Amino acid sequence: MRELAASDVGPATERCKASGLDDYAANNLIQYLAEQRLATEVVPSDTTLVVERFHDELGDWRVVLHSPFGMPVHAPWALAVGQRLQQRYGMDGSAMAADDGIVLRVPMMEDEPPGAELFLFDPEEIEQIVTAEVGGSALFASRFRECAARALLLPRQNPGKRQPLWQQRQRSAQLLDVARKYPTFPIVLETVRECLQDVYDLPALKDIAASVERRELRIVQTTTQQPSPFAKSLLFGYVAQFLYEGDSPLAERRAAALALDSTLLNELMGRVELRELLDAKVIEATERELQRLARDRQVRGLEGVADLLRLLGPLSPDEVAARLEPVAAPAQGSEAAGTAGTDQTGQGGLPVETPATEADAGAHLTALQRANRAIKVNIGGIERFAAVEDAARLRDALGVPLPMGVPLAFIEPVADPLGDLVSRYARTHGPFTAAEAAARLGLGVAVVGTALKRLAADGRVVEGEFRPHTAPPAVTSASTAAGGAESGVEGSGEEAFQPAVLPTVLPPLLPPLLPPLLPPVLPAAGVSEWCDAEVLRRLRRRSLAALRAEVEPVDAAAYGRFLPAWQNVRTPGGRGQSALRGLDGIVTAIDQLSGVPIPASAWEPLVLASRVSNYQPAMLDELMAAGEVLWSGAGSLPGNDGWVSLHLADSAELTLNPSIDFEPGDAQRRLLEHLQNNGGGYFFRQLTEVAGGMDSVLSDQDVVAALWDLAWAGRITGDTFAPVRALIAGGHTAHRQVGRAPRARAPRLSRLGRARGTGLLGSPGLTGGRYGSVTGTAPAPPLAAGRWSALPSPELDPTIHARATAELLLDRYGVVTRGSVMAENILGGFGLMYKVLARLEEAGRCRRGYFIEHLGAAQFAVPATVDRLRSYVEDAELHKAEPVALALAATDPANPYGAALPWPALNVDAGTGHRPGRKAGALVVLVDGALALYVERGGKTLLAFSDDPDVLAAAGTALVGVVTRGAVDKLIMEKVNGHGILDTPVAVALAQAGAYSTPKGLRIRA
């Protein structure tokens, strides 16, 4: 279907006939696809899914996912979508799955209705969500009846007599009501296994979710006035399902929660236990961080102790001391250090770190207590200090008597005091048992277990078996003191969690703490453990990072193949990647390239046209006129060209980068003040009077020059890209453009057919009138077409701007390296971005590692990106396919060389000293990700990085194709690697591709 939709009518008809369809069937199919494309602009396929929204007859929203993956995938997907809709909006979406998609009903709402975000899931969570929701489905009820009948749990009074189906359903429903209370009931477990394995295709659903994360599969959304042809077919089945809903048996319409034994279910389904996937040392190091025991997580001073009590709950003085930063004191020489009883001696008077003592902690706690910011409580017979904000929770959940003087604001009852305390314990610990939490809180195990089950129902904690049996005991606040001890992990990066670098024994530098609780022991097999959902995600990520760290990094060519595909650049044989199309495709491309300065002459023919298959200049103008896209200048270039950036309007404040050195003249200042103070957009003729002020009138040429000075400084923009096109149409651009005829204008005549401003006999008519003059109104210059307006001010908060930039870099390059940051000339450089990316790593948004060889370990990427990057590694032992060549502008972010990757060395010395660079007007040709050709501006000089005839042949074809499709006007090539190009392998390859010889070299014309 994808290939048919992308083909012309003739080839599509021939292919349909070759598949066995007659003329009528072939024409009907092609017309059906054409109508779908007309309705949604994108035809759903195996590489692009479409979410369509429209109103039904009652005004409610229908949300339809068009997908070709079939009922085994769509049925569990619909369960997960229904659960998300219930969780976020508190409504039943009445999700229906079919072979061609999923249909939801969303009641009419004032806000924007849900769209594609409903269908996006974490691949690691989708299986758990479906397992939890399958017990309430009609499929489960019907399958349970069949399983119970096979197990002879629904016996007949007379085996030789048929039993009515409705009686079987009633008896099955009664049996299910009893069985759902027992987690180990075998028929319930077998029914779940049958649904998840025999009926649903969960592995395929997880692969789809992972493909969306890796951007191998796109999900686009559209809002239509009426259902598309594909949606009409789905709605017919949707109406039929709910029209006859009353005929469904009660047992198969009832939704009820099941109590399932996760261990037995995993054994039955052959799933791998999490305890086999989680690294014991990762668990230990993560819990040290959560408990603020790791060296880089310890606190200092009075405010730090107040934060500890708020984050971790009630603590004793010795526990607080373990979490305080060591005290730095100047050493008095080696002898003084030796008398301190430690092996840390100051050399040359350097400061020596000594662990904080219980007295230090007690002083801070006493100060907080005096300031009414902390209270002393007794929990389980142990005195601890708690934040005053926890007074009501401790009183209502644990029965702790409160001291006198607690402010009234802190003793008001809270909604769920026990749930708050148990949830905080889970957030600040790794995997734990209910007994461990109960001992810490001074409660019974059953009480804590009930609270944990309530939290699990809300998705805040997860039950299972997590800690490996062979792991050392997890570090807890009750049994470990590690203040001042180095954790052995640089930062908190996930790639650092490698078994080879994590400590197994803590340095014995601190005084032992009196354990207030029972020492933690690993639970026996079959004992349920609990873990906070977010903590478990972090443990999974870091354990996978430890495993991935053992995998060798990819070579530069693999990243050269990955980056263009990551940025949706169309390549021959694009491995099933989905081509961007239409307005949505342009928005997707601009979103990824927001704020990148690229020569104006390269944006449309070389950048956007290489990413959007049906790109037309009118599409970009439509988006700008609608206010969705903005353009800004970033400096002029010699000739009629300059650096231009595109931005999405809703995030332009985060990507705009106006020149800070710009000093406006009088005309520029008046224009800028008018546009900023009055708002809105103004045509050129409305601005001519403003530019000259009260004293003078500037010529059109002077006003145009003032406007473009402001545009190149990043201060103003237009509502169309036409002025930029008019600028580069004048020739002398970085990338030579194909000549375009200027716009022809008819003379403007009066209603009577005469030229404006003339009388009946050709004499001058009225002058100075509102609707006419002697000369008429001159048209606006093409360089100032459209409305001009001031650009929004960039984000002033440096933290917000830096974080947005870091996320944009991850989205743009997949793997962020020092070179890619330096190539963008970001204020603060890689040093600032490193700090921000490290924070994102701590939050689990990305991870640091050694992904691309020879680029150092300071590389950041999203885990799904790394998986896709490694899929581009080629096995040298496999049969090598035909080389794939790709021609790009050297300044295109899809070109990794000169940014993330260094320029490769030439095979021979370049006689003229030319060196490659990311220069305006230059082109690069990549063959299988490796740099093959570098073409200087205008093409006079080439640099060849390969002498392989097959590689050069593919590179020559790609280079000639750039000219023949009109992206560049012409190339005149005279030298390669500093020598004459004639009679070289490069000349042979170019001649075979379509270049022709001249006395000085080779020439390619459009």
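Reader: In this predicted model, what is the order of the strands in the open sheet of six strands?

Author: The sheet is open and its pairing is mixed. Strand 20 (885-889) and strand 26 (979-980) stand at its edges, each with a single partner strand, so one side of each is left without a neighbour in the sheet. From one edge to the other, the order is 20-21-22-23-25-26.

Reader: Which residue in strand 21 stands opposite alanine 885?

Author: Strand 20 and strand 21 (residues 923-927) run antiparallel and are joined by five bridges. Strands of a sheet pair through backbone hydrogen bonds, either parallel or antiparallel. Opposite alanine 885, in strand 21, stands valine 927.

Reader: Which strands stand at the edges of the open sheet formed by three strands?

Author: The three strands are arranged in the order 17-19-18, with antiparallel pairing. Each edge strand has a single partner strand, so one side of each is left without a neighbour in the sheet; these are strand 17 (815-816) and strand 18 (847-849).

Reader: Which helix packs on that sheet?

Author: The helix in question touches strand 17, strand 18 and strand 19. Its direction makes about 40° with that of strand 18. It covers residues 863-870 and is helix 35.

Reader: What is the bridge partner of arginine 848 in strand 19?

Author: Strand 18 and strand 19 (residues 859-861) are paired in the antiparallel sense, over three bridges. Within strand 19, the partner of arginine 848 is phenylalanine 860.

Reader: Where does arginine 214 lie, and which residues does it touch beyond four places in sequence?

Author: Arginine 214 is placed in the loop between helix 9 (202-213) and strand 5 (218-223). Its side chain is joined to that of glutamate 216 by a polar contact of 3.1 Å. Leaving aside residues up to four places away in sequence, arginine 214 touches Trp566, Ala864, Asp867 and Arg868.

Reader: Which residues of helix 9 are buried?

Author: Helix 9 has twelve residues and reaches 17 Å from its first C-alpha to its last, close to the 16 Å expected. The cover over its buried residues includes helix 4 (71-89), helix 5 (123-133) and helix 8 (186-199). The buried residues themselves are Leu202, Leu205, Ile208, Ala209, Ala210 and Ser211.

Reader: Which residue following helix 9 has a positive phi?

Author: The phi value concerned is near 65°. The residue that carries it is arginine 215.

Reader: Is valine 377 buried or exposed?

Author: Valine 377 has its place in strand 8 (residues 374-379). Beyond four places in sequence, valine 377 touches Ile382, Glu383, Arg384, Ala386, Leu394 and Val400. A residue under 20% relative accessible area is classed as buried. Because valine 377 has 3% relative accessibility, it counts as buried.

Reader: How many residues apart in sequence are valine 377 and proline 314?

Author: In space, valine 377 and proline 314 are 8.1 Å apart, C-alpha to C-alpha. Along the sequence, their separation is 63 residues.

Reader: Which residues of strand 28 form its covered face?

Author: In a regular strand the side chains alternate between the two faces of the sheet. The uncovered face of strand 28 (residues 1002-1005) holds Arg1003 and Arg1005. The covered face consists of Leu1002 and Ile1004.

Reader: Which strand forms a hairpin with strand 28?

Author: Strand 28 pairs in the antiparallel sense with strand 24 (residues 970-973) over four bridges, and in strand 28 the bridge partner of isoleucine 972 is arginine 1003. Strand 28 also pairs in the antiparallel sense over two bridges with strand 27 (residues 996-997), where serine 997 stands opposite leucine 1002. The hairpin, with four residues between its strands, is made by strand 28 together with strand 27.

Reader: Over which residues does pLDDT stay under 50?

Author: The mean pLDDT of the protein is 81, and 82% of its residues reach 70 or more. Where pLDDT is low, the predicted coordinates should not be read in detail. Among the stretches under 50 are one with 19 contacts beyond four places in sequence, residues 244-257, and one with twelve such contacts, residues 333-345.

Reader: How many helices and strands does the protein have?

Author: Buried residues make up 48% of the 1006 residues in the protein. Among contacts between residues at least 6 apart in sequence, 72% join residues at least 24 apart. The protein has 37 helices and 28 strands.

Terms used
Residues numbered from 1 in each chain as written. Predicted model: local features only at pLDDT ≥ 70, side-chain atom pairs only at ≥ 80, totals over all residues. Heavy atoms only, no water. Pairing = 2+ DSSP bridges. Contact = heavy atoms within 4.5 Å. Axes fitted to C-alpha atoms, helices over the stretch in contact; angles between N-to-C directions. Polar contact = N/O pair within 3.5 Å; in protein donor to acceptor, adjacent residues only side chain to side chain. Expected span 1.5 Å × (residues − 1). Buried < 20%, exposed > 50% of the residue type's maximum accessible area, 1.4 Å probe, protein only. pLDDT = per-residue confidence, 0-100.
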